[in-house]
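Here is a short walk through one protein model, written for someone who likes to keep the structure open while reading. Please have your viewer ready.

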Amino acid sequence: MEISINPEIKQHFPDFKLGVIKYTSISVSESPQMLKGRMRLFQESIFFEMENKKVQDLKPIGEWRSIFKTLGTDPGRYRPSSEALYRRIQKQQYLEPIHSAVDLNNFFSLQHQIPFGIYDADKLSGNIEIRVGKEADVYMAINGRDVSMNGKLLSSDDTGPFGSPYVDSKRTAVTEETTNALHLIYLQPSMDDENAEEMLSSLTKMFIQIHGGDGKHRLVK
């Protein structure tokens with residue numbers, strides 16, 4: 001499986017990069033109590049920390065809003081997924097546990113304030129391209145609604161679009177039956193490669209600690 005970034009994106013953002021982690025032989029289940037407790041406490045701390053702040057003023061979120069806007073997506077209407085999570089927490093609409101993979105994915109996104117996407121690798125086909133969506137790009141999102149991806153940054157395999165830093169598809173969603181997964185981390189273009197590699201290494205170790213199996217990470221530029 002090769003992963004590439006469309007030249008149109010690189011024209012606007014020469015330093016655009018993507019973190020990729022491939023997990024094999026993992027076990028997804030109900031989140032352990034440690035993760036549930038840590039997630040709840042973290043959300044409560046974010047709520048108090050953001051009480052008199054604007055979400056868009058957080059640097060990583062602001063940078064991703066700028067990316068959306070430059071590529072033709074109104075970030076006031078279609079928010080980066082990390083911003084959407086923070087806005088929920090500002091309203092004390094705390095995230096309820098789903099399962100270990102999604103819960104940890106959300107924890108990572110809150111921690112680093114950037115979009116994360118995790119997908120069942122066995123539901124993907126062929127190579128993957130990160131590109132801007134066209135009129136024909138529509139999928140059923142994880143919320144059960146059909147979403148037009150026209151003009152939005154997305155990830156696409158041989159079957160079609162399946163993910164985005166906006167909202168992911170139902171087709172490739174991770175479940176408790178998933179044993180192989182692909183993690184896409186939408187890094188800040190302003191982050192240098194050394195810090196990005198350190199982040200990916202840390203994320204891989206924490207995910208494997210909870211899910212077992214193996215994980216290999218790399219930067220795609």
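Lys22 stands opposite Leu182 in strand S9, and Tyr23 is placed across from Ala181 of S9. Both pairs belong to the contact between strand S2 (residues 18-24) and S9, which is antiparallel and holds five bridges. Two strands are said to pair here if DSSP finds at least two bridges between them. Helices (H or I, at least four residues) and strands (E, at least two) are DSSP runs, numbered from the N terminus.

This is a predicted model, in which local features need pLDDT of at least 70 and side-chain atom pairs count only at pLDDT 80 or more, while totals for chains, interfaces and linings use all residues. Residues are numbered from 1 along each chain as its sequence is written, and side-chain values use heavy atoms, with hydrogens and water left out.

**The strands around S9**

S2 also pairs with strand S10 (residues 214-220), antiparallel and through seven bridges. In that pairing, Thr24 has Asp214 of S10 as its bridge partner. Five of the seven residues of S2 are buried, so the strand is mostly covered; buried means under 20% relative accessible area, exposed over 50%, and partly exposed in between (1.4 Å probe, protein chains only).

S9 has another antiparallel partner in strand S3 (residues 116-120), again with five bridges. There, Phe116 is matched with Ile185 of S9. How many of the five residues of strand S9 are buried? Five of the five residues in S9 (residues 181-185) are, so the strand is largely enclosed by the rest of the structure. In a regular strand the side chains alternate between the two faces of the sheet. Both faces of S9 are covered: Ala181, His183 and Ile185 are buried on one side, and Leu182 and Leu184 on the other.

**Helix H4 and its surroundings**

Let us turn to a helix. In H4 (residues 81-90), the buried residues are Ser81, Ser82, Glu83, Leu85, Tyr86 and Ile89. Their cover includes helix H2 (33-49), helix H3 (59-70), helix H5 (100-112) and strand S3. Just after H4 comes Gln92, with a positive phi of about 60°, although Gln92 is not a glycine.

**Four single residues**

The table places four residues and gives their relative accessibility.

| Residue | Place | Relative accessibility |
|---|---|---|
| Gln92 | loop between H4 and H5 | 47%, partly exposed |
| Gln113 | loop between H5 and S3 | 16%, buried |
| Val28 | loop between S2 and H2 | 5%, buried |
| Gly163 | strand S8 (residues 161-163) | 0%, buried |

Gln113 also has a positive phi, of about 65°, without being a glycine.

What does Val28 touch, leaving aside its neighbours within four places in sequence? Val28 is in contact (heavy atoms within 4.5 Å) with His99, Ser100, Ala101, Val174, Thr175, Glu176, Thr178 and His211. Val28 and Ile3 are 25 residues apart in sequence, and their C-alpha atoms are 24 Å apart in space.

For Gly163, again not counting residues up to four places away in sequence, the contacts are Tyr119, Tyr139, Leu154, Ser155, Asp168 and Tyr186. Gly163 and Ile98 are 65 residues apart in sequence and 19 Å apart in space, C-alpha to C-alpha.

**The whole chain**

Now step back to the overall picture. The protein chain has six helices and ten strands. Its radius of gyration is 16 Å, close to the 17 Å that the globule rule gives for 221 residues, so the chain is as compact as a globular protein of that length. That radius is taken over C-alpha atoms, and the globule rule is 2.2 Å times the number of residues to the power 0.38. Along its principal axes, the C-alpha trace spans about 45 × 40 × 40 Å.

Buried residues make up 52% of the 221 residues. Among contacts with a separation of 6 or more, 74% are between residues 24 or more positions apart. The accessible surface of the chain is about 10600 Å², with 46% belonging to carbon and sulfur atoms; accessible areas come from the Shrake-Rupley method with a 1.4 Å probe, and for residues only the protein chains shown count as cover.

Finally, the charges: the chain carries 27 positive and 30 negative side chains, and the centres of the two sets lie 4 Å apart. Lys and Arg count as positive and Asp and Glu as negative, while His and the chain ends are not counted. Each charge is placed at NZ of Lys, CZ of Arg, CG of Asp or CD of Glu.
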